[in-house]
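Trainee: I should be grateful for a close look at a single part of this structure. Please take me through that part in one connected account.

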Amino acid sequence: MTVSDTGPDAGQDTRTHTEAAEAEAQSVEAGSAVMDRDDVDRALARLGAEHEAVETSLLALQDHAGRRLLEGAALSGTTKERWTAADADITRLWTYFDAYSGALAAAREVRERRRWPNREDLVELTERLRGPGVLIAGAAAEGAALAERLSLAELVARMNGLYARSLDVVVAADAVWSALPARIDLLAAELHRTRSLAHSVGVRPGEHPSGDDLEDITAELTELRTRVIADPLAFWLPATGSSAPGGGRPDTGRYDRAALALEDVRREIEAVLDVRQDAEQRLIALRDVLSRADRTLAEARTARGEVLAKIAASEVPAVSGPPTVLQEQLAAAAEHRRQARWHRLSPLLESLEERAEEELRRARESLTAVTAPLAVRAELRGRLDAYKAKVARHGMAEDPLLIERYDAARRMLWSAPCDLRAAEQAVLRYQRATAESLLPPQDRPEQPRHEQPRHEEQRPDGPGEEDA
């Protein structure tokens with residue numbers, strides 16, 4: 001408390017003077033010799049400097065903005081309890097300082113009697129400067145005697161403790177008041193703008209969750225500001241491991257949560273505004289997606305009938321009709337747009353877009369599943385023609401066995417209904433015969449008798465109707 005700074009480091013520079021004074025007091029208690037003139041002059045100079053620093057610090061504390069706010073505020077809770085104690089400590093500080101000033105003035109008077117003090121003067125000065133010669137009446141700490149005698153060193157140590165406790169309360173309250181109310185007011189202004197914007201798009205309490213959230217945030221900020229003004233120390237987090245007055249930081253947890261909640265609502269409102277701007281385009285895109293899904297399902301139903309007529313012994317999955325619920329929701333979305341109910345249109349459009357894409361994907365999968373047998377037949381036809389072209393390139397187009405097996409496979413693949421399993425086996429037989437015919441004569445396997453070509457027979461007609 002030997003400097004005028006009332007910040008967190010105030011009071012730390014008192015150690016030099018205090019330790020020196022304590023050392024002098026201990027010397028007296030140990031029966032040391034009486035101080036000489038030089039010891040007295042040095043002690044008086046040190047005590048004078050300390051007195052000036054203490055006075056400067058006390059005046060700065062008295063004029064601290066945080067202390068003035070605490071004196072004029074309607075406090076409650078923790079702050080009220082701690083300020084009541086701190087205010088009493090400040091009163092005791094001035095009492096101690098007055099006693100300290102009086103003791104120092106009395107010592108100076110004794111020293112000024114003579115230029116060269118005699119022994120009686122030096123004994124008296126030693127007692128005044130080092131002994132417990134300061135009487136404190138009516139300002140003792142709670143639980144102690146109403147009057148007590150202290151040395152100047154003990155008095156300084158007592159003032160340092162009271163000053164540190166008082167300054168801690170003043171600095172902490174001032175830091176909270178400087179940080180939180182202004183931030184709360186700025187957030188409240190942003191909240192007001194968001195509420196106006198929300199009302200413009202129909203987001204109101206009881207009609208939309210974000211409207212309810214805005215009401216909750218409003219109530220939270222109102223209550224938070226009232227609590228911060230009345231009990232700032234309830235929002236102070238002391239620094240762990242620090243003994244400096246005012247060490248710590250404001251607790252902004254509740255403010256931060258309210259700010260995050262408002263940001264979430266603001267993003268929701270912006271999403272609703274975006275819906276208002278591009279609702280027509282999104283509705284047109286939705287109709288297009290659902291139309292493509294309906295056409296794909298219609299194509300799948302037509303294809304299923306074709307597959308059932310042309311492919312035999314094949315399991316063809318059923319094709320469901322278009323979901324009417326999506327059309328109903330699309331009509332509801334269009335109505336919301338006409339009535340400018342943007343807060344209802346926003347979530348409905350998002351859901352519809354997701355479900356419409358899913359419906360289109362399902363329709364495409366259904367078409368693929370239904371036409372799979374036709375794809376298999378087309379693949380077998382292509383494979384058969386490819387091997388026929390290969391045979392022709394090698395000059396074996398007139399081979400009777402190859403002609404017979406080709407005709408058998410072709411009859412199966414171009415007749416309706418087509419037995420895919422039998423047709424696939426016929427194509428495989430043609431492939432094997434083609435591969436064997438391309439081998440050198442000595443490497444060809446002997447043909448079974450029942451597979452010898454029948455030259456006298458004409459090509460039989462197919463069992464079913466020709467299917468191009």
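**A helix pair and a cavity**

Mentor: α11 passes α12 in a left-handed crossing. This is a predicted model, and the description that follows should be read with that in mind. Helix α11 covers residues 372-393 and helix α12 covers residues 400-413; their axes come within 11 Å and cross at roughly 160°. Angles over 145 degrees count as roughly antiparallel, and α11 is therefore roughly antiparallel to α12.

From this pair we may turn to the interior. The structure holds one cavity of 30 Å³ or more, and the volume of the largest cavity is about 40 Å³. Its lining is formed by Leu-290, Ala-293, Asp-294, Pro-322, Pro-323, Leu-326, Gln-327 and Glu-359. Two elements, α8 (253-310) and α9 (324-338), each give two or more residues to this lining. Of the elements, α8 gives the most, with three residues. In chemical character, the lining of the largest cavity divides into five nonpolar residues, one polar residue and two charged residues.

Helix α8, which spans 253-310, also leads to an annotation. An unreviewed UniProt entry lists residues 262-296 as "coiled-coil region". In the model, the chain over residues 262-296 is 100% helix and 0% strand. The C-alpha atoms at the two ends of that stretch lie 45 Å apart. The annotation comes from the record, whereas the helix content and the end-to-end distance are computed from the predicted model.

Terms used. Residues are numbered from 1 along each chain as its sequence is written. This is a predicted model: local features need pLDDT of at least 70, side-chain atom pairs count only at pLDDT 80 or more; totals for chains, interfaces and linings use all residues. Side-chain values use heavy atoms; hydrogens and water are left out. On a 1 Å grid over the protein atoms alone, a cavity is a set of points where a 1.4 Å probe fits but cannot get out, and a pocket is an open set with protein on both sides within 12 Å along at least five of seven lines; lining residues have an atom within 4 Å of a point. Grid points are joined across faces, edges and corners, and a volume is the space filled by probe spheres set on the points. Helices (H or I, at least four residues) and strands (E, at least two) are DSSP runs, numbered from the N terminus. Ala, Val, Leu, Ile, Met, Phe, Trp, Tyr, Cys and Pro count as nonpolar, Asp, Glu, Lys and Arg as charged, and the others, Gly among them, as polar. UniProt positions are given in the numbering used here, feature names are shortened, and annotations may be inferred rather than shown by experiment. Axes are lines fitted to C-alpha atoms, for helices over the stretch in contact, and angles run from 0 to 180 degrees between N-to-C directions. Angles under 35 degrees count as roughly parallel, over 145 as roughly antiparallel, 65 to 115 as roughly perpendicular and the rest as oblique. A crossing is left-handed if the near helix is turned anticlockwise from the far one by less than a right angle, and right-handed if clockwise.
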